[in-house]
Amino acid sequence: MWTKSKIFSSKNKFTVNALKWHWVRFWMRFAGLSNIGRIATRFASWFAPPHKASVAMAAMNPKGYIAPSAVISHANLRFGANILIGDRVVIFQNKDGGFVEIGDRVQILRDTTIETGFGGSLSIGNSTSIHPRGQINAYKSSIEIGKSVEIAPNCAFYSYDHGLGLDKNISEQPLESKGKIVVDDHAWLGVGVIVLSGVRIGKGAVVGAGSVVTHDIPDGGVAVGVPARVIKMREDIYQKNMNEKNRQG
Ligand SMILES: CC(C)(COP(=O)(O)OP(=O)(O)OC[C@H]1O[C@@H](n2cnc3c(N)ncnc32)[C@H](O)[C@@H]1OP(=O)(O)O)[C@@H](O)C(=O)NCCC(=O)NCCS
């Protein structure tokens, strides 16, 4: 039964929530990558609801939401509109690191680390999501991630290797690369996928959880395992489902 005090307390809750969102909206108007923008985002975050509230906050301002705990230490950054940079994300420019270009509405979620160095650069197309704890190291060669790509948690991209000679410690070996990494539009990488240098993951391709990609995957291919091998094509799955539907209907 609704008592008077219950009604008052739910009314109070509603008012407090509305006030909190006013506060968030007010400060998000000033959000951005500048010092003032980052302070404004910190103020906004004080009363923001937890976790996925940052998605709504990113939509409030074309400069997007950059979590106060994110560390951005990169002199050649291009951010698109309404991006979301989550808690403790690191974007770091190492020696001779190339640009980092992040498209509109890209989400880079908590504890992801991005680095460019030694001529490597990174581009991420519009509406792509990189889920928590990603590691993207664009050294020696570039990493190009297309539009609307879904990258599950714990994925790693390394566009370089250390040399393997016996004359020096591994950490002192010159860096090598088999070439750039390309992930084409609409691809989906399952949890814990590792992508090594010199590969192209095709348009709309799917890579199974825990796979290691060492060779190209064609457009629409579904690849799994270590190393990742194509087990089927999405087109064939679609055709099979259509044939089944036609047989039944
Ligand atoms: C790749 C994937 C989509 C394929 O799903 P599916 O089409 O239903 O494939 P199936 O379950 O029919 O598997 C086909 C074969 O591949 C194997 N396989 C499937 N996924 C695998 C994987 N990640 N690693 C190794 N082998 C795998 C299956 O064991 C099966 O082998 P079998 O024929 O010898 O039994 C799915 O297995 C997967 O890995 N999903 C990722 C889930 C995830 O990370 N979610 C995060 C959300 S963002």
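This passage describes the predicted model of the protein, from its overall form to single residues.

The protein has 249 residues, and 35% of them count as buried. The C-alpha trace spans about 75 × 60 × 25 Å along its principal axes. In secondary structure, the protein contains four helices and 24 strands. Contacts were also examined by their separation along the chain. Among those between residues at least 6 apart in sequence, 23% join residues that are at least 24 apart.

The domain assignment divides the protein into domain 1, residues 1-64, and domain 2, residues 69-248. Between the C-alpha centres of the two domains the distance is 32 Å. Seven residues of domain 1 and seven residues of domain 2 take part in the contact between them. On the side of domain 1 that touches domain 2, five residues are nonpolar and two are polar, while no charged residues are found there.

Two open sheets can be described in turn. One is built from seven strands in the order β2-β5-β8-β11-β14-β19-β22, and its pairing is parallel. Its edges are formed by β2 (71-73) and β22 (212-213); each has a single partner strand, so one side of each is left without a neighbour in the sheet. At one of these edges, β22 pairs with strand β19 (residues 194-195) in the parallel sense, over two bridges. Within this pair, Val195 has Val213 of β22 as its bridge partner.

The other open sheet consists of six strands, ordered β3-β6-β9-β12-β17-β20, again with parallel pairing. Here the edge strands are β3 (77-79) and β20 (200-201), each of which pairs on one side only. Inside the order, strand β12 (residues 143-145) is joined to strand β17 (residues 181-183) by three bridges, in the parallel sense. Ile143 has its bridge partner in β17, namely Ile181.

Ile72 belongs to strand β2, which is an edge strand of the seven-strand sheet. There are 17 C-beta neighbours inside 10 Å of Ile72, and the residue therefore counts as partly exposed; 20 or more would be needed for a residue to be buried. When residues up to four places away in sequence are left out, Ile72 touches Leu33 and Ile91. By the domain bounds, Leu33 falls in domain 1, whereas Ile72 and Ile91 fall in domain 2. The C-alpha atom of Ile72 is separated by 51 Å from that of Lys245, a residue 173 places away along the chain.

Lys245 lies within the range of helix α4, which covers residues 234-248. The helix has 15 residues and, at 1.5 Å a residue, should span 21 Å; the C-alpha atoms at its ends are 21 Å apart, so the expected and computed values agree. The expected value is 1.5 Å times one less than the number of residues, because the span is counted between the end residues. Of the 15 residues of α4, the number buried is zero, and therefore the helix lies largely in the open.

The model also includes a ligand, with 13 residues around it. Those that come nearest to the ligand are Ala152, Gly190, Val191, Gly208 and Val224. By class, the shell is made up of seven nonpolar residues, five polar residues and one charged residue.

Notes: Residues are numbered from 1 along each chain as its sequence is written. This is a predicted model: local features need pLDDT of at least 70, side-chain atom pairs count only at pLDDT 80 or more; totals for chains, interfaces and linings use all residues. A residue is near a molecule or strand if its C-beta atom, placed from the backbone, lies within 6 Å of it. Ala, Val, Leu, Ile, Met, Phe, Trp, Tyr, Cys and Pro count as nonpolar, Asp, Glu, Lys and Arg as charged, and the others, Gly among them, as polar. Two strands pair if DSSP finds at least two bridges between them. Domain bounds come from an automatic or database domain assignment. Two residues are in contact if their C-beta atoms, placed from the backbone, lie within 7 Å. A residue is buried if 20 or more other C-beta atoms lie within 10 Å of its own, exposed if 12 or fewer, and partly exposed in between; C-beta atoms are placed from the backbone.
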